[in-house]
Amino acid sequence: MKNNHNNGKAKKFGMVIDLDKCTGCGSCMVACMSENNVPFKADETDKRLSITWMLVYKLNNGKSHPDYDECYLPRPCMQCEGDHGHSPCVSVCPAVATDYSHETGIVSQIYTRCFGCRYCMAACPYHARYFNWWDPAWPADMEKYLSPNVSPRMRGIVEKCGFCFHRYQLAMDKAYYEGRDELEEGEYQTSCTQACPAGAIVFGDLNNPKHAVHKIALPDSKHGGRPKNPNAFRLLERLGTNPKVYYLSSRKWVRDSGDNYRPDEK
Amino acid sequence: MDLDSALWPKGVQRCTFPKFMIGITVVSVVLVWGVYAALLCWFKGLNQTNMNDYYGFALWIWADLAVIALGGGAFFTGFLRYLVKKDELKHIINYAVLIGFICYSSAQLILGIDVGQPLRGWFIFWHANVHSMLTEVAFCLSCYFVVLCIEYIPLILENRQLDKVPFFHHLGHNMHGIMAIFAATGAFLSCFHQGSLGGVSGVLFGRPFGFREGVFIWPWTFFLFTWSAAACGPCFTILVTKLTEAISKKQLVKPNVVDLLAKISGWMLFTYIIAKTVDTWYWAFVTVPSKGFNWAFFYSNNDFYGTWILWLEIVICGYIPALLLITKKTRQTNSTLWIAIILASIGVCVNRWALVLQVMAPPVMPFDTWALYIPSWQEVATTILPVAYGVMLIMISFRYLPIFPQERELNPITN
């Protein structure tokens, strides 16, 4: 049976988040924490010490009423490929505790390998990487709710969003069992995608023209995956991180908020 | 002759043993404070610090980079003494090695506290990622520390009592004989680890403040760090030598030795600071604009990271000491020499500060916010810990080892 499988074609799992649909409810954040056994503290006042693999930012256009407008921007790990084949974080990790998979396009984090130097955190311009400053702890009964598919992380190491990679593994196990190499689009979806009540998050294989993410973002493989959809953009495109999370908005100021522009460029 | 004075180098005078022990006790108090803070970090974790997910690199990484730059006097003086054959420098090379040994052992200690899982520290060697600048740092730094140990051992063996043991005497003598090989190895390793420390922020293409273009895989900061360490490391060696002279109230090295090292440092610093100016200009007007930033943005948010830091690093602690050191008159005037070596030592620390802490401060996403960071007392104590350790090692080494070959000649005992 083993010889009948070839792992299928290389995937590039990615996400499209429609910012015009996002209400900022935070369901994606809660679902992510629950799904991935993300620990929390009694006092979460200092958000720069909180672990939030998925974080919703609140943006505004800087104008006063009645021209005021705002937007919520969910930010998972961007799973950067890098324009030159190097993700910002993967290339700097001294112990290969984080790696880029060319089979899935997902940047992994190997918790038992990480020794907590935090160089990857310094490298990530999205602040998508989090350090375990404390031992992970949950209120007594909450430990019963922990997912058995995701290992909790210990103090002193870095963790981050991996596009719910355990779900991919479970889906692939099922597919193998059924004699398939390829997954259906709906078989592997991240928890944030499923939890979003507004349907703002779409997830799938950017390499597969049949998947919704490809149809919406229209990634241009000849130009580092840049979106052909005029309403789509990626965060910090100019840095050359080549991320796999696309954002969608019909509002120009929102699209402009995705990157830096000098005053003479505006 | 009592037990203590029997251990002193021959023909030199030292302070009384009780006075020495008072000094050791004072330094020990600071040392114990630092050790207590280190134990807190090891047993309770890095929540003892004021670092956070925006400031994952902070005071300790700066301290690491700074002490390694200041310890650069060891490799560069060794290079000049053994490879360029500047023979006069044999009178200061021992002290340069000792200072280098202190700086590099301190850096390793700080790194041991800084990582979240110190017991996994060996992963950096076992699972090495050849693309990472930190991997290069770890390998070269560890190897060079071994070289420094090899360079320091003959000095220990020259202790008056140890030297009486024939085996130690011959071992020390033979090690001295092959020291040029280790000096060359040290210079080679130092070029790489000083450079890769510069590359740590230089390769961060997601962090426009630190990112630099360069040659092949090496960003410009790679070369600038090696250059600045070679320039400012010897200045720090001279500074500590002059401090030791001031505290011990005696001249330990002849002026021509200091003058030669100061002159070479001055020219290294002068050429470095020109290169640094060009690098800063290119970063400000080519690199950063291509990422959508105006260079002034990075100095705009708060007084901690204002443009003063540029003036301080490049002009006050760059051009001024360089000019003071390359000008014969000011180099040979005690007061201006003091000013120059202090400014140069501060300058290289400011450079490392900017390329660690300032890199973390500005937001990269347009809707994100600036981050500021004040270290916790545990971070401060563990950063002062190596200073106390260094002072103690200098006190012991100065008392019992013949560090300064010219001391006897310069300070003859009259009675």
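In this predicted model, L218(A) has 16 other C-beta atoms within 10 Å and is therefore partly exposed. The residue lies in the loop between α5 (212–217) and β9 (219–220) of chain A. Its backbone carries a positive phi of about 50 degrees, although L218(A) is not a glycine. A second leucine, L236(A), likewise has a positive phi, of about 55 degrees, without being a glycine. L236(A) is found in the loop between β11 and β12 of chain A. With 23 other C-beta atoms within 10 Å, L236(A) is buried, because the threshold for burial is 20 or more such atoms. Most residues other than glycine have a negative phi, and most peptide bonds are trans. A cis peptide bond is present in chain A between H65(A) and P66(A), with omega at about 15 degrees. P66(A) is placed in the loop between β2 and β3 (70–75) of chain A.

Chain A as a whole contains 6 helices and 12 strands. Its radius of gyration is 19 Å, close to the 18 Å that the globule rule gives for 266 residues, so chain A is as compact as a globular protein of that length. Along the principal axes, the C-alpha atoms of chain A fill a box of roughly 60 × 45 × 40 Å. Buried residues account for 44% of the 266 residues of chain A. Of the contacts in chain A between residues at least 6 apart in sequence, 61% join residues at least 24 apart.

Within chain A, 4 strands form an open sheet. The order of the strands is β8-β1-β12-β11, and the pairing is mixed. The edge strands of this sheet are β8 (201–205) and β11 (232–233) of chain A, each of which pairs on one side only. At one edge, β8(A) is joined to strand β1 (residues 13–18) of chain A by 5 bridges, and these two strands run antiparallel. In this pairing, F13(A) stands opposite D205(A) of β8(A). Although β8(A) is an edge strand, 5 of its 5 residues are buried, so the strand is largely enclosed by the rest of the structure. At the other edge, β11(A) is joined by 2 bridges to strand β12 (residues 245–248) of chain A, and these strands also run antiparallel. Here A232(A) stands opposite L248(A) in β12(A). In a regular strand the side chains alternate between the two faces of the sheet.

Chain B has 15 helices and 2 strands. For its 415 residues, a compact globule would have a radius of gyration near 22 Å; the value for chain B is 22 Å, which agrees. The C-alpha atoms of chain B occupy a box of roughly 75 × 50 × 35 Å along the principal axes. Of the 415 residues in chain B, 50% are buried. Among the contacts in chain B with a separation of 6 or more, 79% are accounted for by residues 24 or more positions apart.

One helix of chain B, α11 (residues 308–326), may be considered in detail. At 1.5 Å a residue, the 19 residues of α11(B) should span 27 Å; the end C-alpha atoms are 25 Å apart, which agrees. Buried residues of α11(B) include E313(B), C317(B), G318(B) and P321(B), as well as A322(B), L324(B), L325(B) and I326(B). The elements covering these buried residues include α10 (255–290), α12 (328–331) and α13 (334–360) of chain B. T327(B) lies in the loop between α11 and α12 of chain B. This threonine has 15 C-beta neighbours inside 10 Å and therefore counts as partly exposed. T327(B) and L372(B) are 45 residues apart in sequence, and their C-alpha atoms are 40 Å apart in space.

The two chains also touch each other: 44 residues of chain A are in contact with 39 residues of chain B. On the side of chain A that touches chain B, β2 (55–60), α2 (119–123) and β6 (129–131) of chain A each supply at least two residues. The element that gives the most to this side is α2(A), with 4 residues. By residue class, the side of chain A that touches chain B divides into 28 nonpolar, 8 polar and 8 charged residues.

Methods:
Residues are numbered from 1 along each chain as its sequence is written. Chains are lettered from A and ligands numbered from 1 in the order in which they are written. This is a predicted model: local features need pLDDT of at least 70, side-chain atom pairs count only at pLDDT 80 or more; totals for chains, interfaces and linings use all residues. Two residues are in contact if their C-beta atoms, placed from the backbone, lie within 7 Å. Ala, Val, Leu, Ile, Met, Phe, Trp, Tyr, Cys and Pro count as nonpolar, Asp, Glu, Lys and Arg as charged, and the others, Gly among them, as polar. Two strands pair if DSSP finds at least two bridges between them. The radius of gyration is taken over C-alpha atoms; the globule rule is 2.2 Å times the number of residues to the power 0.38. A residue is buried if 20 or more other C-beta atoms lie within 10 Å of its own, exposed if 12 or fewer, and partly exposed in between; C-beta atoms are placed from the backbone. The expected span of a helix is 1.5 Å times one less than its number of residues.
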